[in-house]
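Colleague: I should be grateful for a close look at a single part of this model, namely the open sheet and what packs on it. Please add a word on the cavities as well.

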Amino acid sequence: MTTTVETPSEHFVPGNLPTHLQHYINGEFVDSIGGKTFDVLEPVSNQKYATAAAGQAEDVDLAVAAAKQAFTAGPWPKMLPRERSRVLHKIADIVESRDDELAYLESYDSGLPITQAKGQALRAAENFRFFADLIVAQEDNAFKVPGRQLNYVNRKPIGVAGLITPWNVPFMQESWKLAPAIAAGNTVVMKPASYTPLSAVLWPEIFREAGLPDGVFNLIFGSGGIAGDYLVKHPDVPLISFTGDSSTGATISTAAAPQFKGLSLELGGKSPAVVFADADIEAALDATVFSVFSLNGERCTAGSRVLVQRDIYDDFVARFAQRAKNIVVGLPSDPATEVGSLVHPNHFDNVMNYIEIGKTEGRLLAGGGRAEGFPTGNYIAPTVFADVSPDARIFQEEIFGPVVAITPFEDDAEALTLANNTKYGLAAYVWTSSLKRAHNFAHAIEAGMVWLNSNNVRDLRTPFGGVKASGLGREGGYRSVDFYTTQQSVQITLNESHSPKFGSVADAAVSGDS
Ligand code: NDP
């Protein structure tokens, strides 16, 4: 049985909760020109707690025009990297100082357990600090051909970057795009996910206080199919950085292609966690349970397929299922909660649908539906299916909730075949005590990121991104700076310019020369 905390009768509501969220364009909070709004629900009661401005084409036009003006005529792109860096460090300081407030807003809006929301605000601050440092340390090449030519790289910000973000850990995801985009000297128009717009309204205050010039950051709320699509197709937006579902990524690629925009796509995953019999089983158990059930299972890098070597399979699966049953499901605001409420009733229905499919595809060992003691809200009991075959939908498709598929394997070759047997390739986790196996397996696996005997902690300098349907391009460290800048090569001769004298024959004929 799933462990549940006592359901407090009072659901925690953060103080000063706004009841209406506005766009932020050129330093001003504004509504949509036509006055359109959409309702924002909180996931514990699924009641509307706010309305948000619903951006249309004309609102996006205004935001892009402000960002363009700030790029072409404003100080930000021309400032010394050190000056921009100071502003970014201030942003990081402010985000850190508002850690608690941010965490409660994020948890309230998304259903994320409060203890896990707190970590996200600190990660967001760290993203700003990291790119503040990186932009000052940025160096570029110069190449000399002795006595003949000098070549150098003139790195430049590109212009207006369109940033489109998902609803899972929204504030942190936004920081991951905002920090490198503005550090590099671009201006931005950001469109957050409609399920979770709340924490984004803090950015304008934070940026103002830190001294970011008006127009550098612009925020548009609204539907992806309208405001997002228009932003992607806008001729004055040369860059699009998108994180979200793979099918949306495909739509955005197609929409952006005719204008040859710079595209970074961080997409879905169905990442394998491969546990060999020679692994540290306790560590593997802790990590694999955490990987799929933390952040309510709404984690792009979740190890949602656990592949276990046959020799330890029965024991491992039994212990995994017991852990899942022990997980504390509860109110997002309760510090004891390990799994909170899924973000939205539509998403709850999707995950419940997959659970029903799973019941026909695997052996149900834990969970299997709504969490006991929670007749309302988007609470799902951590769910474990064992003996799942590789052609099952719950093995192949991203569920993005607290649901795991466990499958046995005999040897390395079968483990690799199973691990690579999905359209996705975002992350992979390998548990073994053999160094040789760990590295060889990591090199053979089709995944953008591999963790060996460890769990989802990454130095910010490393590349982040996926292969296959999990994405296009890499962000992280200098790769983010590369995405948000263009590298112009400049050449000058150190000698005479030697050009063949095309067209000089006629001149010679007229002048009588031969
Ligand atoms: P979606 O793709 O549904 O939405 C992401 C964002 O895109 C939202 O802001 C959405 O707006 C917007 N959008 C939707 N349609 C369009 C369109 N046609 N043009 C432009 N913008 C559009 O993803 P979710 O929000 O559901 O996020 C979950 C997904 O994100 C999962 O697949 C997950 O794996 C993935 N993800 C990937 C990560 C990675 O780094 N690889 C990290 C985190 C999540 P609206 O909200 O209004 O629909």
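Modeller: A cavity here is a set of grid points where a 1.4 Å probe fits but cannot get out. The model is a predicted one, and by this rule it holds five cavities of 30 Å³ or more. The largest cavity encloses about 80 Å³ of space. Its lining consists of G269, K270, G297, R299, C300, A302, S304, E398, I399, F400, G401 and V403; by class, five of the lining residues are nonpolar, four polar and three charged.

I turn now to the sheet. Seven strands make up this open sheet, in the order β17-β18-β19-β15-β14-β21-β22, with mixed pairing. The edges are taken by β17 (363–366) and β22 (449–452); each has a single partner strand, so one side of each is left without a neighbour in the sheet. On average, neighbouring strands are turned by 20 degrees against each other, direction ignored.

Within the sheet, β14 (residues 272–275) and β21 (residues 427–431) run parallel and are joined by three bridges. One residue pair can be named: V275 has W431 in β21 as its bridge partner.

Two helices pack on the sheet. Helix α9 (residues 281–293) touches β14, β15 (305–309), β18 (383–386), β19 (403–409) and β21, and its direction makes about 160 degrees with that of β21. Helix α10 (residues 310–326) touches β14, β15, β17, β18 and β19; the direction of α10 makes about 140 degrees with that of β15.

Notes: Residues numbered from 1 in each chain as written. Predicted model: local features only at pLDDT ≥ 70, side-chain atom pairs only at ≥ 80, totals over all residues. Heavy atoms only, no water. Pairing = 2+ DSSP bridges. Helix = DSSP H or I, 4+ residues; strand = E, 2+ residues; numbered from the N terminus. Axes fitted to C-alpha atoms, helices over the stretch in contact; angles between N-to-C directions. Contact = heavy atoms within 4.5 Å. 1 Å grid on protein atoms, 1.4 Å probe; cavity = no way out; pocket = protein on both sides within 12 Å on 5 of 7 lines; lining within 4 Å. Points joined across faces, edges and corners; volume = space filled by probe spheres on them. Nonpolar A, V, L, I, M, F, W, Y, C, P; charged D, E, K, R; others polar.
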